[in-house]
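Trainee: Please take one part of this model and go through it closely. I would like the place where the two chains meet, and what lies around it.

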Amino acid sequence: MSRSRMPSPQTSKVLLAMAGQPAVWRYGYDLGVEVGLKSGSLYPILMRLADRELLEAAWEENPPLGRPARHLYRLTPQGLSAAAAVQKPAVRTAGARRQPRFQTGSAT
Amino acid sequence: VIVVVIIPFLLGAVVWGFIRAGHTVGPAWRGSGRDGAWTLVALASSWVLADPPGWGPAMRAEFGSVEGRAARWQFAFGCLRTALLPTRRIGAHRRFVVGVVTCGLVVCTALEVYGRVHYPTETAGGAGYSALFVMFLVVGAWLALRGCQRSSVESTVARRYGTAGGVAAGAMYVVAVTPLHGAEYAALLGVSGAIAAGALASRAGGDYRRGVQAGLWVGLISGTVFFVGLMTLTYTAAGWWTHDSEAVSAFNNFGPVTEHGHQLAQWPGFAAYLVRRESAVALLVGFIVAPILAIGAGAVGGAIGASRQQSGRLTTGPE
């Protein structure tokens, strides 16, 4: 039996960054730079996402001469659903945090 | 111990790491323009345990696009971290291993602390002994947790055979050091258990490496069982070991010579001396001899099991 749990903030960042351009294959290092994660955090996250079939990986075709083919990553349909699920609570939480400030502001 | 066993072992591990990385990386290993960061990435990427096994090459390929000396080293250390630390969440089958490792750590540490508190010996062992003890515990726990990263069926089977063989072998090693008549032959049964576990694992997995893997588990489990068993027996029945007349005479004649020509034992009593001596035996046999012996025996068993499986395939092939 598998438990569904909220991903870590770092995993959420990766999911959301990849969900921004769902059709585009992404390079690992570029993705890490975009979300501000070092390789020591990024690769375990990518491995876990691939294990859960939220991420698909492929090798680059026709790499430039003298450079090895790089790994490319893209979210699967399940991965996109997971990213959407991550996005919803984030929006809800942000809304809930803002609400008291409005109330305080209007009261004073 | 440090000069004869630990340093050669560490040097051997480093050489083995380079050889393995050379095999994994291939001709690119010898290419020009390879700096220290590249070497670190090559080593780390060859140690990554992952199914499917494409993550190591992915790291090496990605490294080519990292620019700047600092960024390259940062990337390299990140790869090393990924290779050395667990990358997966703890699943049901790994929880068992984590539980066993935690119990082993707690029990071994408790036994050691008990000995230190009840039999204080300022000169026996000291900080060096404690450092060795902690190092072996950490290395053993790391090997066990890293070993359970593999999630394939063959690895799980190897782990199960190794665990069963380890418990049996550890019990046999404990019996072998008791003063019972003919008990020393029990050690042979322990080694046979490691060979059997290796053979069964390789036969089930179709690869002699599963035998080595099972041997590693036998070594870790049997070493821990031996340490716990021997130290428990020593504390609960310290008098039991005094059958060894050599130990008694060594206690009386050991220590610095006084100005009157008498030798003083360095321990406050014979029990303290005995505990420290058995503790050293438990450390050496449990955390060095038993694991190395079991890995060797597992490899032998693995070769036997793989050959039997191959011959079995040949006979069943034409049917």
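Mentor: Start with one pair of side chains: A:Arg70 and B:Glu62 form a salt bridge, with 2.5 Å from N to O. The model is predicted, and that distance is computed from its atoms. Between chain A and chain B, the rule finds one salt bridge across the interface. Polar contacts add to this picture: five residue pairs, both members at pLDDT 80 or more, are in polar contact across the interface of the two chains.

Next, the elements on the chain A side. Helix H2 (28-35), helix H3 (39-51) and strand E3 (71-75) of chain A each give at least two residues to the side that touches chain B. H3(A) provides the largest share of that side, 10 residues. Sorted by class, the side of chain A that touches chain B holds 11 nonpolar, six polar and seven charged residues.

Now the extent of the contact. Chain A contributes 24 residues to it and chain B contributes 22 residues. The size of an interface is often expressed as the accessible area lost when the parts come together. Here the area buried between chain A and chain B is about 2100 Å², and carbon and sulfur atoms give 61% of it. Within chain A, the residues that lose the most area to chain B are A:Tyr29, A:Tyr43 and A:Met47, together 31% of what that side buries.

The nonpolar packing comes next. In soluble globular proteins, nonpolar side chains tend to be buried together. The largest nonpolar core in this model has 39 residues, and A:Val14, A:Leu46 and A:Tyr73 have the most contacts inside it. Both chains feed this core: helix H1 (9-20), H2, H3, E3 and helix H4 (77-107) of chain A, and helix H2 (36-47), helix H3 (55-63) and helix H4 (69-84) of chain B, each supply at least two of its residues. The largest share, eight residues, comes from H2(B). A second core, separate from this one, has 28 residues, including B:Tyr173, B:Val275, B:Ile288 and B:Ala294.

One last residue is B:Phe226, in helix H9 (residues 208-236) of chain B. B:Phe226 counts as buried because its relative accessible area is 1%, against a cut-off of under 20%. Beyond its neighbours within four places in sequence, B:Phe226 is in contact with several residues, among them B:Tyr173, B:Val177, B:Val281 and B:Val285. B:Val174 is also in contact with B:Phe226; the two are 52 residues apart in sequence, while their C-alpha atoms are 5.5 Å apart in space.

Conventions. Residues are numbered from 1 along each chain as its sequence is written. Chains are lettered from A and ligands numbered from 1 in the order in which they are written. This is a predicted model: local features need pLDDT of at least 70, side-chain atom pairs count only at pLDDT 80 or more; totals for chains, interfaces and linings use all residues. Side-chain values use heavy atoms; hydrogens and water are left out. Contact means heavy atoms within 4.5 Å. Buried area is the accessible area (1.4 Å probe) that two parts lose on being put together, summed over both. A salt bridge is a side-chain nitrogen of Lys or Arg within 4 Å of a carboxyl oxygen of Asp or Glu. A polar contact is a pair of N or O atoms within 3.5 Å; within protein, one must be able to donate a hydrogen and the other to accept it, and residues adjacent in sequence count only if both atoms are side-chain atoms. Helices (H or I, at least four residues) and strands (E, at least two) are DSSP runs, numbered from the N terminus. Ala, Val, Leu, Ile, Met, Phe, Trp, Tyr, Cys and Pro count as nonpolar, Asp, Glu, Lys and Arg as charged, and the others, Gly among them, as polar. A nonpolar core is a set of buried Ala, Val, Leu, Ile, Met, Phe, Trp, Tyr and Cys residues joined through side-chain atoms within 4.5 Å. Buried means under 20% relative accessible area, exposed over 50%, partly exposed in between (1.4 Å probe, protein chains only).
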